[in-house]
Amino acid sequence: MQLSDAGEAGLRALGEQVGCDVFLRGNLLTIDGDDDQVAQAATVVDELVGLAERGHTLDATTIPTVGSALGAAKRPDEVLGDVVWQNPSRDVRVTPKTAQQKHYADAIRRNTVTFGIGPAGTGKTFLAVAAAADALARHDVKRIILTRPAVEAGERLGFLPGDLMQKIDPYLRPLFDALHDMLDPERVQAYLESGVIEVAPLAFMRGRTLNDAFIILDEAQNTTPEQMKMFLTRLGYRSKMVVTGDVTQVDLPRDQRSGLIAVAEVLDEIDEVEFVRFDRRDVVRNRLVQKIVDAYDQHAETQTPELVPAGRERRRA
């Protein structure tokens with residue numbers, strides 16, 4: 001196996017992961033750093049070789065996955081080998097990219113209600129939609145319901161132009177995008193027309209009981225505590241819920257507490273409910289996003305401590 005399979009971006013990712021300078025000349029890999037860093041890098045390289053020999057495709061995203069797994073005392077195969085959703089017709093295969101994403105996927109399978117809380121780019125919504133598609137394909141549920149609070153525009157839906165789908169499209173577009181990444185477009189359209197997949201604003205959940213469904217509430221930081229209670233009590237028989245959000249990006253009025261923050265205090269000790277928290281190490285978008293998230297976290301700790309993610313201790317000066 002040639003480590004060049006991972007490309008220049010992969011070598012940079014390896015260097016950043018272990019804090020070393022990494023050089024590749026032909027098949028000779030040189031790692032320059034202190035003893036502990038070099039030893040860590042060697043372990044990562046050994047795991048990469050093993051993954052390649054077992055048929056895994058290596059790219060720039062594989063290195064952080066291996067580092068994350070080793071840091072959490074997990075085998076990289078255990079993380080990369082967990083196929084949350086697969087669509088051979090579109091060559092789509094969704095697997096966790098970090099150890100915490102693996103924990104999140106397991107939590108969704110294990111629990112009736114799972115909360116995924118963390119910054120943008122950590123795969124909270126994407127993995128939830130993948131799990132929903134898998135549950136539907138396995139006939140564990142009969143429908144998928146995707147919902148989101150419509151608060152960002154500061155307008156009531158009734159005053160927005162167009163029919164219902166046109167009104168809610170801007171709010172729910174990320175969920176549509178994830179669906180189209182998982183399923184053939186024709187299948188998505190057929191499911192929407194038949195009601196197998198339902199996409200609606202959170203306000204439309206009131207008064208309903210949702211049986212035989214996989215329900216995803218996205219952008220839950222923009223719910224009020226009352227809305228969160230309303231949503232959770234829609235849970236019916238043979239159903240599963242996943243609630244995702246980022247408590248540092250609340251769009252509610254400043255005097256309004258987020259339902260996603262409040263619910264952790266209310267439900268933390270209830271069986272079949274689990275809270276999975278992500279941080280910048282789980283960001284799987286462009287690596288610059290991870291640095292942006294970290295910069296905002298550091299700024300929040302010194303300038304706006306109310307925006308520090310729940311559960312994170314402030315750094316000491």
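## Rings and cores: worked exercises

Let's start with confidence: this is a predicted model, its protein chain has a mean pLDDT of 79, and 72% of the residues reach 70 or more.

**Exercise 1. Which stretches have a pLDDT below 50, and how many contacts do they have beyond near neighbours in sequence?**

Begin at residues 1-5, where pLDDT stays under 50. For that stretch the model has 10 contacts beyond four places in sequence. Now go to residues 311-317: the pLDDT is below 50 here too, and this stretch has 10 contacts beyond near neighbours in sequence. A word of caution: where pLDDT is low, the predicted coordinates should not be read in detail.

**Exercise 2. Work out how the aromatic pairs of the structure are arranged; how many are there?**

Count them up and you get 2 aromatic pairs. Take Tyr-104 and Phe-278: their ring centres are 5.2 Å apart and their planes sit at 85°, so this pair is edge-to-face, given that angles over 60 degrees earn that label. Next, place the partners. Tyr-104 belongs to helix H5 (residues 99-110), while Phe-278 is in the loop between strand S10 (273-277) and helix H11 (287-302), so the pair ties together parts 174 residues apart in sequence.

Then turn to Phe-115 and Phe-275. Here the centres are 4.4 Å apart and the planes are at 10°, so the rings are stacked. Phe-115 sits in strand S5 (residues 113-117) and Phe-275 in strand S10, which makes this a link between distant parts of the chain, 160 residues apart.

**Exercise 3. Are Tyr-104, Phe-278, Phe-115 and Phe-275 buried or exposed?**

The cut-off you need is 20% relative accessible area, since buried means under that value. Tyr-104 has 0%, so it's buried. Phe-278, at 7%, is buried. Phe-115 is buried with 0%, and Phe-275 counts as buried at 12%.

**Exercise 4. Find the largest nonpolar core: which helix gives the most to it?**

First, its size: this core has 36 residues. Those with the most contacts inside it are Trp-85, Val-94, Tyr-104, Leu-183, Phe-214 and Ile-216. Several elements each supply at least two residues, among them strand S4 (92-94), H5 and helix H6 (124-137). H6 gives the most, with 9 residues.

Now zoom in on Trp-85. Leaving out residues up to four places away in sequence, Trp-85 touches, among others, Val-94, Ala-130, Ala-133 and Leu-183. Finally, look for a second, separate core: it has 25 residues, including Leu-210, Met-241, Val-273 and Phe-275.

Key. Residues are numbered from 1 along each chain as its sequence is written. This is a predicted model: local features need pLDDT of at least 70, side-chain atom pairs count only at pLDDT 80 or more; totals for chains, interfaces and linings use all residues. Side-chain values use heavy atoms; hydrogens and water are left out. Rings of Phe, Tyr and Trp (its six-membered ring) pair if their centres lie within 6.5 Å; planes under 30 degrees apart count as stacked, over 60 as edge-to-face and the rest as tilted. Helices (H or I, at least four residues) and strands (E, at least two) are DSSP runs, numbered from the N terminus. Buried means under 20% relative accessible area, exposed over 50%, partly exposed in between (1.4 Å probe, protein chains only). A nonpolar core is a set of buried Ala, Val, Leu, Ile, Met, Phe, Trp, Tyr and Cys residues joined through side-chain atoms within 4.5 Å. Contact means heavy atoms within 4.5 Å. pLDDT is the predictor's confidence in each residue, from 0 to 100.
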